[in-house]
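Below are some notes for a colleague who is opening this structure for the first time. Please read them with the sequence and the model side by side.

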Amino acid sequence: MVEVLRGVPLLYQQYKALLKKNLLLSWRNKRSTFMQLFSSLFFIFLIFAIEKAISSRFSGTSTYENVFDPEALVSPPIPPCEDKFYVKQPCYDFIYSGKGNPRIEDIVSKIMSNNPGRPIQTDKVLSFVTRKEVDDWLFKHPMQVPGALHFNVRSATVLSYGVQTNSTAVRKRGNSEDPTFKFQVPLQIAAEREIARSLLQVPDFSWTVGLKEFAHPAVRTFSAVGIVGPTFFLAIAMFAFVFEIGALVAEKELKLRQAMSTMGLYETAYWLSWLTWETVTTFISSLFIVLFGMMFQFDFFLNNSFGVLFFVFFLFQINMVGLAFLISTFISKASSATTVGFSIFIVGFLTQLVTTFGFPYTDSTSMIYRIVWSLFSPNLLAKALKTLGDATATSEDSGISWSGRSQCPVTETDCVITIADIYTWFVATFFLWFLLALYFDNIIPNASGVRKSCFYFLNPRYWTGRGGGKVSEGGICSCTGAIPPLEDTNPDDEDVREEESIVKQQMAEGSNDPNIAVQIRGLAKTYPGTLDMGCCKCKRTSPYHAVKGLWVNFAKDQLFCLLGPNGAGKTTAINCLTGNTPVTGGDALIYGYSVRSSLGMSNIRRSIGVCPQFDILWEELSGQEHLHLFASIKGLPPATIKSVVDKSLAEVKLANAAKVRAGSCSGGMKRRLSVAIALIGDPKLVFLDEPTTGMDPITRRHVWDIIENAKKGRAIVLTTHSMEEADILGDRIAIMAKGKLRCIGTSIRLKSRFGTGFIANVSFLESTPGQTPLNGQTLRNGEANGATQPHHVAVKQFFKQHLDVVPKEENKSFLTFVIPHEKEGQLTKFFEELQDREREFGISDIQLGLTTLEEVFLNIAKRAELESAVAEGTLVTLTLTSGLLLEIPRGARYVGIPGTESTENPRGFMVEVYWEQDETGALCISGHSPESTVPRNAQPIAAATTPVLTRQRSFLGRTQLVHGIIFDPSEIEGSNRR
Ligand SMILES: Nc1ncnc2c1ncn2[C@@H]1O[C@H](COP(=O)(O)OP(=O)(O)OP(=O)(O)O)[C@@H](O)[C@H]1O
């Protein structure tokens, strides 16, 4: 026996195995991992494109550039009016007042002809007499001329002038037009030059004027990263956010997490493995963000310190991981992850927009707003990017250094939060989300509807690991109704009664039988009815007793087979034993540990293996990887895991498919893998819930061999719907129905007690027309099914005479008789004689067989159905071959027909009803026997006989139903044997 790991070494081994699982899942889901890591490249490229577009818009002005040594503008010419950005045609290069004065007109004509590089045409200049006329014209013709000159000849030596220009600066396609430099100065220089020449009377007098703007630093401009960055980086974080929620919720939804917990997984290992994995991916993705940003040569990324930037992105994304942990506890469907992610993104986008406008990180905003706003990390990211963007807005700004992270940037006048404060917020809120995630994970019902109490953490035993993990059912917001007590009924069956008294006696004596693996002591499970408070309605469901007090021992080295129709309570009983569902009554000891104690349960988990009813597997992991993971969770020493896994794969014939992913396995392969998982780690108790469902007959036989071999040294509990499987594997078989044990014992014992004996099937040759009954007897019913055929009648008479049995089933081509066990001695002689008379009776074939376990099962299921139908009053309609309709409780076997009583037959007639299970497992009528007289000792079951209505009658052609009289089957079967 291999010593398994415990405590911290086991925790570490589980942590490593889960981490490997996460790595494999990420590797196999390449597309989502790629998006998670490299989506930043795409978004940073978009920001780069935005920045390029913006800088090209500002290329025509020096406002947003540092100007150290501005160039001089020397005697610029008057530009053509069409050069103006906004101009209406016809346009003029300038207009003037002073028309009619020859001196002025001479000056103007010189201005036009001496314009450097471009003499001005006469049709491009308008002349007016007075200034008033100029103003009137300008008013009526806006945007048609850039400027006007007003001349005034005061004396022969004094000439004055004035300049009028449109001083509004305009932009066009990113270029800016400054009217001073573009129009005013050239016009002014031209006027002054020609006035000077006129006054001096020197036509080529040189008049050179140069103009220079100031040397100036660039005006602070738009940072693309600071403005659009928050939304884009939030989008990058959303990829990881959505994938993470999806993965966490899928493990919960598919019960993978529950399966691992049942096998003994520590919660700490589970959360730590996820946290580590997310930290690693977040670290890489943040590194890529900064590196890609530097690659695209953003000042934002080049001038701020690498460390400062990295931690902003890393801590922001880690914070989002914490938020994803928290949100995943509220979601039960992995498909909702995208919707949640999208909603968070929209909310984040809007609040970031508000943050970019300055709210609430200013002196004037209340501290409360800032605290509430900072709880949502996208807002802090927006603020951090804005601060970092402002710190690198011009090439003069040197950015924020690592040592300057806790100082307010000089550019920010009302700074209330530094980059270091933002780090603190990210870290603090991450811990808040993570702790809340752990808390809600415990108190929100899991996939099986189980949760801890809202104040579980106040129990000191929870922290010491000595219990306190008590679980209950129902949602936090639903109030569970009071659970009605179970009626304490004595089992009907003697074997079940005996098993109960053995358990009770052992319990009273406190004796510990070393051969007993599991002792179930009155185990009961009632699913609580709930009152769900919706917005507009209240939905109440009543409590349901799924298991109604089981008393049974499961021996070591034996396979205990639990049979029962659908809904009998088998899975519930197993779930109680594996700790997936809290028990509501009684107890069960597994190798001495109680399932009611959390400490006991943690010991039990180490020694059990479970093959659940439905395969609980990761589609992306192979069989080998599954077994490796579960072997590690169970605590097998690392050195042995490989050999154990290989052996296990070989056992279930999956060695050749060891590396095939579960998603590509057939249903049978998955079931075999589930069986292998249940058996890994040599558990002392194994639960196999319908392990061979979906397997072909060859594989099924192979799995039976595996189970048979696995019996040694352990107890196995098997539930199945295959009677053959139960017959072959079960050392002891119990049949459950409606939450109670109905019978228990070996297969032979059950068959002899509940089977009806031997089954004889007599098939007939094709009947000859015109034959008459041998003795002229006519049966009341059955013409359609061959009951009146002479050979049928003769054979029936032969069976009645020699064995005193009537047919259980009959139709045109065969008769089926059930021969009680007591008649076994007469059978040889009887069948010899029947074979001798085969030709006389027109028999084609005779078959004889033992009652099957299936028959036992159906009998038990029928009784249980009848019992509950009688208790609950559920009725079904039986259509007799005579056309009569009878209402009978579901499962009723012998039904008396009201109104058939007569003086010769005072008890009337009855039929035996045949039942079968439909595909949902419910009992439905398959047919009935011919009518026969009610035996003298048959007792009606009181509850079912009342009220006996009237005979069926036809009223206006409508058929009415009649309640059948139900007889106790044990009385009738007793009388048949007699
Ligand atoms: N969480 C639950 N809440 C309420 N009722 C439940 C719950 N789980 C099971 N039940 C009910 O308990 C009864 C027993 O269910 P269970 O799954 O144990 O039956 P079973 O014998 O395993 O059936 P099957 O053969 O179909 O697996 C069923 O009627 C079922 O509807």
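1. In this predicted model, helix α11, which covers residues 337-356, packs with helix α13, which covers residues 377-390, at an angle of about 40°, and their axes are 8 Å apart. That angle makes α11 oblique to α13, because the oblique class takes what is left once angles under 35 degrees, over 145 and from 65 to 115 have been assigned elsewhere. The crossing in which α11 passes α13 is right-handed.

2. Which residues make the contact between these two helices? On the side of α11 they are Gly348, Thr351, Gln352, Thr355 and Thr356, while α13 contributes Pro378, Asn379, Ala382, Lys383 and Lys386. Sorted by class, the contact of α11 with α13 comprises 6 polar, 2 nonpolar and 2 charged residues.

3. Moving on from α11, the loop between α11 and α12 (367-374) holds Pro360. The peptide bond that joins Phe359 and Pro360 is cis, with omega about -10°. A cis peptide bond also joins Gln89 and Pro90, where omega is about -10°, and Pro90 lies in the loop between β1 (72-74) and β2 (94-97). Both places can be checked directly in the displayed model.

4. Another point of backbone geometry concerns Met143, whose phi is positive, about 60°, although Met143 is not a glycine. Where does Met143 sit? Its place is in the loop between α4 (131-140) and β4 (147-153). Met143 has 15 other C-beta atoms within 10 Å and is therefore partly exposed, since a buried residue would need 20 or more and an exposed one would have 12 or fewer.

5. Lys255 likewise has a positive phi, near 60°, in a residue other than glycine, and Lys255 is found in the loop between α6 (224-253) and α7 (256-262). Is Lys255 buried, exposed or partly exposed? With 18 C-beta neighbours inside 10 Å, Lys255 counts as partly exposed.

6. The surroundings of the ligand deserve a separate look. Of the 13 residues around the ligand, those that come nearest are Tyr527, Ala546, Asn566, Thr571 and Thr572. Two elements, β15 (544-555) and α17 (570-578), give two or more residues to this shell, and the largest share, 3 residues, comes from α17. By class, the residues of the shell divide into 8 polar, 4 nonpolar and 1 charged.

7. Leu291 can serve as a further landmark, and this residue lies in helix α8, which runs over residues 267-295. Leu291 has 16 other C-beta atoms within 10 Å, so Leu291 is partly exposed. How far apart in space are Leu291 and Tyr15? The two are 31 Å apart, C-alpha to C-alpha, and 276 residues apart in sequence.

8. Finally, some totals for the chain as a whole may help in placing the points above. The chain contains 30 helices and 37 strands, and of its 978 residues 38% count as buried. What share of the contacts between residues at least 6 apart in sequence joins residues at least 24 apart? In this chain, that share is 72%.

Conventions: Residues are numbered from 1 along each chain as its sequence is written. This is a predicted model: local features need pLDDT of at least 70, side-chain atom pairs count only at pLDDT 80 or more; totals for chains, interfaces and linings use all residues. Axes are lines fitted to C-alpha atoms, for helices over the stretch in contact, and angles run from 0 to 180 degrees between N-to-C directions. Helices (H or I, at least four residues) and strands (E, at least two) are DSSP runs, numbered from the N terminus. A crossing is left-handed if the near helix is turned anticlockwise from the far one by less than a right angle, and right-handed if clockwise. Two residues are in contact if their C-beta atoms, placed from the backbone, lie within 7 Å. Ala, Val, Leu, Ile, Met, Phe, Trp, Tyr, Cys and Pro count as nonpolar, Asp, Glu, Lys and Arg as charged, and the others, Gly among them, as polar. A residue is near a molecule or strand if its C-beta atom, placed from the backbone, lies within 6 Å of it.
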